[in-house]
Structure formats: structure tokens, C-alpha cells
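Subject: Structure handover

Hi there,

Here is the structure I promised to pass on to you. Please open it alongside this email, and my notes on what turned up follow just below.

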Amino acid sequence: MTTFEIEERIVEVLKTVFDPEIPVNVYDLGLIYKIDVDENFDVQIDMTLTAPNCPAADFIVEDVRMKVETITGVKSASINLVFEPEWDKDMMTDEAKVELGFM
């Protein structure tokens, strides 16, 4: 598998991770800022939360890490929780905005 193919699989898997309080996945919410796959197939993901004090933060970050590490070819996944830039609803996909009633 190429790093590009793995990145595509990562996006597919991220679309199965949900904040328990929001019926939209973390990818479409715009919470994923960066996906890096190096030549050894180690993955680094920068992500944020809709709010810094999100009560489900540990659950969401661990769900992302565990699901990414199940992808064939991925050696490891490191999830970096960042709060710059601050998340806002404009980062969501149009589908997410419709689902949450913002359009």
C-alpha cells in the first residue's frame, strides 16, 4: 500500500468516529487538521475538539487512535490534540452543516 492509499483509508475510518453528543463524524465536523503518514507507515494526526473542555475528549482521541491502528499497513498512530486554530462551525463539511441544521 502507498502512503496515499493509507491516507484514504484513514479518512474512511475517521468517518466512523463520532462525538457521543453530536450525530456527525469527526472528519466531517472538521476536527481533523492534519494527517501525516511517513515512509515507515507511522501515522501522526493533529485534531481538535468542538470545545476544549469536551467531556468525551479521552474517548474520542482513543477511538481515533485505535481505529487508525487497525488499518492494514499502519505501524502506529499518534494523535495530537491541538486547539490552534480554534474550531468553529465553518470548518464542517456542507453535509455536516445540513445534518446539524446550520444550512
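Let me start with the pairing of the strands: strand 1 and strand 2 run antiparallel and are joined by five bridges. Please bear in mind that this is a predicted model. Within that pair, Ile 35 stands opposite Ile 45 of strand 2, and Ile 32 faces Met 47 of strand 2. The hairpin made by these two strands has four residues between them, and Phe 41 takes a positive phi there, near 65 degrees.

Stepping back to the whole sheet, three strands make it up in the order 1-2-3; the sheet is open and its pairing is mixed. Strand 1 and strand 3 are the edge strands, each pairing on one side only. On average, neighbouring strands are turned by 15 degrees against each other, direction ignored.

Now to the helices that go with the sheet. Helix 1 lies across strand 1 and strand 2, and runs at about 145 degrees to strand 1. Helix 2 also packs on the sheet, where it touches strand 2 and strand 3, and its direction makes about 155 degrees with that of strand 3.

Helix 1 has twelve residues and reaches 16 Å from its first C-alpha to its last, close to the 16 Å expected at 1.5 Å a residue. Its buried residues are Ile 6, Ile 10, Val 11, Val 13 and Leu 14. They cover an arc of only 160 degrees around the axis, which puts them on the same side of helix 1. As general background, an α-helix has 3.6 residues a turn, so residues three or four places apart point the same way. The cover over the buried residues of helix 1 includes strand 1, strand 2 and helix 2.

Helix 2 spans residues 57-69, which makes 13 residues, and reaches 18 Å between its first and last C-alpha, close to the 18 Å expected at 1.5 Å a residue. Here Ala 57, Ile 60, Val 61, Asp 63, Val 64 and Val 68 are buried. Seen down the axis, the buried residues of helix 2 fall within an arc of 160 degrees, so they line one face of the helix. That set packs against helix 1, strand 2 and strand 3.

What holds the most contacts in the core? In the largest nonpolar core, which has 32 residues, the members that touch the most others are Ile 10, Ile 45, Met 47, Val 64 and Val 68. At least two residues of this core come from each of helix 1, strand 1, strand 2, helix 2 and strand 3. Take Ile 10 as a starting point when you browse: leaving aside neighbours within four places in sequence, Ile 10 is in contact with Ile 35, Val 37, Val 43, Ile 45, Val 68 and Ile 71.

One last residue to look at is Phe 102, in the segment after helix 3 (94-99). Is Phe 102 buried or partly exposed? Its relative accessibility is 46%, so Phe 102 counts as partly exposed. Not counting residues up to four places away in sequence, Phe 102 touches Lys 89, Met 92 and Lys 97. Its C-alpha lies 21 Å from that of Val 17, and the two residues are 85 apart along the chain.

Happy browsing, and best wishes!

Key
Residues numbered from 1 in each chain as written. Predicted model: local features only at pLDDT ≥ 70, side-chain atom pairs only at ≥ 80, totals over all residues. Heavy atoms only, no water. Expected span 1.5 Å × (residues − 1). Buried < 20%, exposed > 50% of the residue type's maximum accessible area, 1.4 Å probe, protein only. Arc of directions from axis to C-beta. Contact = heavy atoms within 4.5 Å. Core = buried A, V, L, I, M, F, W, Y, C linked by side-chain atoms within 4.5 Å. Pairing = 2+ DSSP bridges. Axes fitted to C-alpha atoms, helices over the stretch in contact; angles between N-to-C directions.
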